[in-house]
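This report describes a single protein chain for a reader who has its sequence and coordinates at hand. It proceeds from charged side chains to the sheet, the overall make-up of the chain and selected local features.

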Amino acid sequence: MYHRTAESTSAAGDAPAAGDPAEQVVRAILAAARLLTEVSAHALASVDETLTLPRFRLLSVLDSLGAMNLTRLAQALDVLPSTALRMTERLVAHGLLQREPSPASRREIVISLTAAGRHVVHQVSEARRAHIAHIVTAMPCHERAGLLQVLHTFTTASGQLAHVEHAAVGPQWP
């Protein structure tokens, strides 16, 4: 958790000062996150102009976790089941998802990617990877190693934080 000190808060005393080193890191990460969102949106638009980022995220979750029922899908996306249902219906209509009775229980419906849905996920992921690779290759070689170390440290800290938050609030991730 970030602890504020007199030196790290603004004159109002409620927000970190712009000169605070931790705040500078936060701002840089937010700028990088915006860039990565733009890269994802661009990759998505290059493959399918009608697909939104939230719907692509749903496809990606199914691609990585496999077929699941609507309740589990909503939990994995951290949305209400009604939201997951609307998204699913649109993607079924576009031929990217299919709904089938569960082999374990005929009352339960399992949602999975179609071959077209899997193809879209892989195309968008490859377009995004290629764009990020282009950005990385534009960086000076000596800067890449530092970026790699920083990203590894950031990701590790994120996992540690997620583990602590997960233990504090109970299970909510798939």
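Arg129 counts as partly exposed, at 48% relative accessibility. In this predicted model, Arg129 forms a salt bridge with Glu126, and their closest N and O atoms are 3.0 Å apart. Glu126 is itself partly exposed, with a relative accessible area of 41%. The two residues are 3 positions apart in helix α5, and are therefore separated by about one helical turn.

**Salt bridges**

The structure holds 3 salt bridges, which are set out below.

| Salt bridge | Closest N and O atoms |
|---|---|
| Arg27 with Glu23 | 3.0 Å |
| Arg118 with Asp63 | 3.7 Å |
| Glu126 with Arg129 | 3.0 Å |

Arg27 and Glu23 both belong to helix α1, where they are 4 residues apart, or about one turn of the helix. Their surroundings may be described separately: Arg27 is partly exposed, with a relative accessible area of 43%, whereas Glu23 is buried, with a value of 15%.

The salt bridge of Arg118 with Asp63 has its closest N and O atoms 3.7 Å apart. This pair links distant parts of the chain, since Arg118 lies in helix α5 (residues 115-138) and Asp63 in helix α2, 55 residues apart. Arg118 is partly exposed, at 39% relative accessible area, and Asp63 is also partly exposed, at 28%.

**A buried arginine without a partner**

Which side chain of opposite charge is nearest to Arg55, a buried residue that has no salt bridge? It is Asp48, at a distance of 8.4 Å. A salt bridge requires a side-chain nitrogen of Lys or Arg within 4 Å of a carboxyl oxygen of Asp or Glu, and Arg55 has no such bridge. Arg55 is located in helix α2, which spans residues 53-65. Leaving aside residues up to four places away in sequence, Arg55 touches Thr50, Met87, Arg90 and Leu91. The contacts of Arg55 thus include another arginine, Arg90.

**The sheet**

The 3 strands form an open sheet in the order β1-β3-β2, with antiparallel pairing. Strands β1 (68-69) and β2 (97-101) stand at the edges, each with a single partner strand, so one side of each has no neighbour in the sheet. Strands of a sheet pair through backbone hydrogen bonds, either parallel or antiparallel.

Strand β3 (residues 109-113) pairs with β1 over 2 bridges in the antiparallel sense, and Met68 stands opposite Ile111 of β3. Between β2 and β3, which also run antiparallel, there are 5 bridges; here Leu97 stands opposite Leu113 of β3. Of the 5 residues of β3, 4 are buried, so this strand is largely enclosed by the rest of the structure.

**The chain as a whole**

The chain contains 6 helices and 3 strands. Read from the N terminus, its elements follow the order α-α-β-α-α-β-β-α-α. Of the 174 residues in the chain, 22% are buried. Among contacts with a separation of 6 or more, 43% are between residues 24 or more positions apart. The accessible surface of the chain comes to about 11,700 Å², and carbon and sulfur atoms contribute 61% of it.

**Local features of the surface**

A nonpolar patch on the surface is formed by Val25, Ile29 and Phe154, which together have about 250 Å² of accessible area. Val25 is placed in helix α1 (residues 21-47) and is partly exposed, with a relative accessible area of 47%. Helix α1 therefore carries both this member of the patch and the salt-bridged residues Arg27 and Glu23.

What is the sign of phi in Asp78? The angle is positive, near 60°, in a residue other than glycine. Most residues other than glycine have a negative phi. Asp78 lies in the loop between α3 (70-77) and α4 (81-93). Asp78 is exposed, with a relative accessible area of 68%.

Notes. Residues are numbered from 1 along each chain as its sequence is written. This is a predicted model: local features need pLDDT of at least 70, side-chain atom pairs count only at pLDDT 80 or more; totals for chains, interfaces and linings use all residues. Side-chain values use heavy atoms; hydrogens and water are left out. Buried means under 20% relative accessible area, exposed over 50%, partly exposed in between (1.4 Å probe, protein chains only). Lys and Arg count as positive and Asp and Glu as negative; His and the chain ends are not counted. Contact means heavy atoms within 4.5 Å. Accessible areas come from the Shrake-Rupley method with a 1.4 Å probe; for residues, only the protein chains shown count as cover. Patches are made of residues with over 30% relative accessible area and no salt bridge: like charges are joined within 9 Å, nonpolar side chains (Val, Leu, Ile, Met, Phe, Trp, Tyr) within 5 Å. Two strands pair if DSSP finds at least two bridges between them.
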